[in-house]
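Visitor: I'd like to learn how to read salt bridges and surface patches in a model. Can you walk me through it?

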Amino acid sequence: MQRIVYNGHKRVHAIKFRSVAIPNGLIANMFGPVEGKRHDAAMLHDSGPLHDLEAYAYSVTGLTMCLYGDPAYPLRVHLQGPFRNPHLTPLMEAYNSSMSSVRVSVEWLFGDIIEYFKFVDFKRNLKIGMSSIGKMYIVCACALLQNALSCLYGNHTATFFDFEPPTLQDFFA
């Protein structure tokens, strides 16, 4: 069991999740848990959002919409990431810089989860095989509690994008 969840990159035992955060600060989609050694691109493939994006990610006028993802993800029409060329033009550098400041909003959501639900901080409290770590994280992070807190009190992401979350009643409707 220890080898399955060992993340050699960060040198910790972990489980991982992939999520989609939207500008109002809600977690719209979450996949996991998977073992800590899984690469982010493999998690993306296994969770299957690219098929949904290809089918549904178009504006009402037919323009292609996309997500901005982790640098480990492959580039697709509906999934963009930073430019990785060794020689970036000033425009590419500006794009990377502006999108990096947007991408940090996802990290704010993960930080909020640990802040509000300290018991899901694996390093301090949870032991794989002794508690339902994955289920607890999903309930806290996505399914109910974190999104409900965002609806009630707002969050950094919604403030950053100036896009308020729905009311609690609309969220649960």
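Guide: Sure. Start with the rule: a salt bridge is a side-chain nitrogen of Lys or Arg within 4 Å of a carboxyl oxygen of Asp or Glu. Keep in mind that this is a predicted model.

Visitor: How many salt bridges does that rule give here?

Guide: Two. In one of them, the side chains of aspartate 70 and arginine 103 meet, with 2.9 Å from N to O. That pair links distant parts of the chain, 33 residues apart: aspartate 70 sits in the loop between strand 5 (67-68) and strand 6 (79-80), while arginine 103 belongs to helix 4 (residues 90-116).

Visitor: And which residue forms a salt bridge with arginine 103 at 3.8 Å?

Guide: Glutamate 107, going by the closest N and O atoms. Both residues lie in helix 4, four residues apart, which is about one turn of the helix. Since the bridges share partners, Asp70, Arg103 and Glu107 are joined into one network.

Visitor: How exposed is glutamate 107?

Guide: Partly exposed means between 20% and 50% relative accessible area. Glutamate 107 comes out at 38%, so it counts as partly exposed. Arginine 103, at 26%, is partly exposed too.

Visitor: Now the patches. Which residues form a nonpolar patch on the surface?

Guide: To join a patch, a residue needs over 30% relative accessible area and no salt bridge. Here Leu144, Leu145 and Phe172 form one, with about 260 Å² of accessible area together. Leucine 144 has a relative accessible area of 37%, so it is partly exposed. You'll find leucine 144 in the loop between helix 5 (133-143) and helix 6 (145-153).

Key: Residues are numbered from 1 along each chain as its sequence is written. This is a predicted model: local features need pLDDT of at least 70, side-chain atom pairs count only at pLDDT 80 or more; totals for chains, interfaces and linings use all residues. Side-chain values use heavy atoms; hydrogens and water are left out. Patches are made of residues with over 30% relative accessible area and no salt bridge: like charges are joined within 9 Å, nonpolar side chains (Val, Leu, Ile, Met, Phe, Trp, Tyr) within 5 Å. Accessible areas come from the Shrake-Rupley method with a 1.4 Å probe; for residues, only the protein chains shown count as cover. Helices (H or I, at least four residues) and strands (E, at least two) are DSSP runs, numbered from the N terminus. Buried means under 20% relative accessible area, exposed over 50%, partly exposed in between (1.4 Å probe, protein chains only).
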